[in-house]
Amino acid sequence: MNSRLMWVGYSTIVRKEITRILRIWGQTIVPPAITMSLYFIIFGELIGRRIGEMGGFTYMQYIVPGLVIMSVITNSYGNMVSSFFGAKFGKHIEELLISPLPNWIILSGYVTGALARGLMVGIVVMCVSLFFTRIEVQHPFIMLSVLLMTAIVFALAGMVNAIFAQKFDDIAIIPTFILAPLTYLGGVFYSIALLPEFWQKVSSFNPILYMVNGFRYGMLGVSDVSLSQSYGVILIAGLILFFTCLHLLNKGTGMRS
Amino acid sequence: MYALEVNDLKKTYKNGVVALRGISLKVDEGDFFALLGPNGAGKSTLIGIISSLVRASSGETRVFGTSVQEDRSKAVSFIGLVPQELNFNQFERPLEIVVNQAGYYGIARDVALQRAEKYLKQLQLWDKAHDISRNLSGGMKRRLMIARAMVNEPRLLILDEPTAGVDIEIRRSMWGFVKEINDSGTTVILTTHYLEEAESLCRNIAIIDHGEIIKNTDMKSLLATLDVETFVLDLRESVDHCPRVEGMEIVVRDDKTLEASLPKKKSLNNLFAELENQGIHVLSMRNKSNRLEELFIRLVEKGQQRPELVP
């Protein structure tokens with residue numbers, strides 16, 4: 001299959017995914033906007049005023065990057081897992097499996113779809129934050145690159161979950177019992193400098209910590225970890241997950257008998 | 001070059017079920033080929049392997065000379081598949097479904113839109129092109145899958161029970177459409193449980209049972225092997241005894257209906273003359289069952305009498 005045909009295949013998957021996201025906007029775009037508004041009101045406004053400053057910023061300003069990246073993580077993962085597992089469950093994944101498209105194009109198409117939802121939700125949450133505070137972005141390129149790379153990592157993680165999932169329960173377990181705790185403990189609402197040394201060490205094993213702080217550095221210019229550590233962790237996680245997904249797709253795990 | 005060449009294909013699933021036990025098959029380019037067999041015989045597994053949805057345990061499958069196992073991408077680009085089960089997103093619209101499928105084959109969107117319109121119109125679905133697919137009737141959903149399979153204008157169209165659960169009128173229009181496709185040069189492989197469908201459409205046939213091909217020949221030769229045919233005769237008056245005609249087997253189904261089984265070499269005129277002599281007047285006559293159906297049942301029954309094959 002030549003590159004022009006592959007491009008048509010890739011753009012078809014992306015178009016289909018974006019159409020799906022926009023068709024069910026009430027499930028994909030609106031809920032994170034409402035949830036994050038509540039976080040801003042409760043944690044930022046009501047509790048944040050009593051907390052005072054953190055890292056040289058108001059508490060509201062401090063949690064904005066964390067909440068944005070948290071929405072991106074949840075939505076890119078959720079988009080991939082629901083869309084790909086839905087296609088498997090409804091058997092319409094066979095439309096792609098019988099086509100000449102190579103697996104890496106199928107993977108790239110779905111990842112781009114998940115990335116698009118992560119970006120859309122990230123932008124919506126940033127817009128919501130403007131109702132509560134003003135932030136002068138310090139390093140726009142770093143902010144954008146960390147956001148995109150994080151969305152890709154969690155889209156790939158969602159793909160692994162979707163490949164192994166056999167029933168709807170299987171796509172709810174990881175987000176509830178692994179993703180949510182890691183996100184909340186990844187420094188979304190606090191600086192790990194506030195934790196005792198032992199818990200700081202424990203937190204350093206949480207990959208989401210590096211994503212939250214990398215994004216916070218891009219936005220506010222402050223971080224609990226170095227930028228190179230952030231990029232390194234995201235890049236390694238992305239590469240491992242990409243090749244894992246590709247291997248599973250090539251093997252046909254959960255799809256080709 | 002063959003449209004399809006299958007060599008010693010074997011498939012054993014992870015749970016130990018042996019679906020194919022070394023199938024070899026050739027389908028000529030332009031053929032209309034029937035692949036028949038009882039449920040669980042291995043037809044869908046074979047189609048799955050040809051379309052790359054199922055991995056063969058061993059053996060080779062070539063589509064227009066290209067090995068599915070070695071160059072999957074090229075081999076499947078020749079194929080259009082209408083599967084047995086509905087496998088499109090029921091929340092999408094028929095136009096989206098067909099156009100997207102074209103995209104997966106690398107067909108540019110403007111061409112895909114034209115082709116989608118063409119095939120949806122030919123299959124009388126154009127007025128439903130923007131409806132949610134879930135709301136289509138069963139027959140419409142089947143036709144949508146044919147339109148989707150045609151959008152890449154395949155050289156080999158595989159239809160896995162495309163008319164299951166479809167009423168006779170729609171079924172006939174679907175036959176007409178597929179016949180036209182075949183006449184224009186597309187090779188068609190059809191699996192169906194409607195044997196009159198296979199008999200009237202297909203030129204060559206393979207019958208699979210227990211994962212093996214038990215018959216692979218042309219339709220005419222196969223039908224020629226049918227040595228006895230059974231007819232149902234509707235009578236003008238009731239009969240109170242079973243008439244006897246030499247060389248034929250006659251049974252009374254009810255007082256105004258007889259069933260007569262006679263060898264092919266025997267003339268029907270003999271039967272009518274003998275019955276007339278015995279004062280029995282035949283009003284009308286029909287075949288008890290379709291000819292292919294009789295052969296199919298015999299072949300499969302013969303297969304069931306064989307000792308059980310152990311995986």
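**Figure 1. Gly185(B), just after helix α6(B), in the predicted model.** Gly185(B) follows directly on α6(B) and adopts a positive phi of about 115 degrees.

**Figure 2. The length of helix α6(B).** This helix of chain B comprises 16 residues, from 168 to 183. At 1.5 Å a residue, α6 of chain B should span 22 Å, and because its end C-alpha atoms are 22 Å apart, expectation and model agree.

**Figure 3. The buried side of helix α6(B).** Four residues of α6(B) are buried: Met174(B), Val178(B), Ile181(B) and Asn182(B). Around the axis they cover an arc of only 95 degrees, and therefore lie on the same side of α6(B). The general geometry of helices explains such a pattern: an α-helix has 3.6 residues a turn, so residues three or four places apart point the same way. The elements covering the buried residues of α6(B) include the strands β3 (32–36), β7 (156–160) and β8 (187–191) of chain B, together with the helix α5 (138–150) of chain B.

**Figure 4. The face of helix α6(B) turned away from its buried side.** Exposed residues are carried on this face of α6(B), namely Ile168(B), Glu169(B), Gly176(B), Glu180(B) and Asp183(B).

**Figure 5. The contact between chain A and chain B.** Here 22 residues of chain A are in contact with 23 residues of chain B. On the chain A side, two or more residues are given by each of the elements α1 (3–23) and α5 (94–97) of chain A. The most is given by α1(A), with six residues. By residue type, the side of chain A that touches chain B consists of 10 nonpolar, seven polar and five charged residues.

How values were computed:
Residues are numbered from 1 along each chain as its sequence is written. Chains are lettered from A and ligands numbered from 1 in the order in which they are written. This is a predicted model: local features need pLDDT of at least 70, side-chain atom pairs count only at pLDDT 80 or more; totals for chains, interfaces and linings use all residues. Two residues are in contact if their C-beta atoms, placed from the backbone, lie within 7 Å. Ala, Val, Leu, Ile, Met, Phe, Trp, Tyr, Cys and Pro count as nonpolar, Asp, Glu, Lys and Arg as charged, and the others, Gly among them, as polar. The expected span of a helix is 1.5 Å times one less than its number of residues. A residue is buried if 20 or more other C-beta atoms lie within 10 Å of its own, exposed if 12 or fewer, and partly exposed in between; C-beta atoms are placed from the backbone. The arc is that of the directions from the helix axis to the C-beta atoms.
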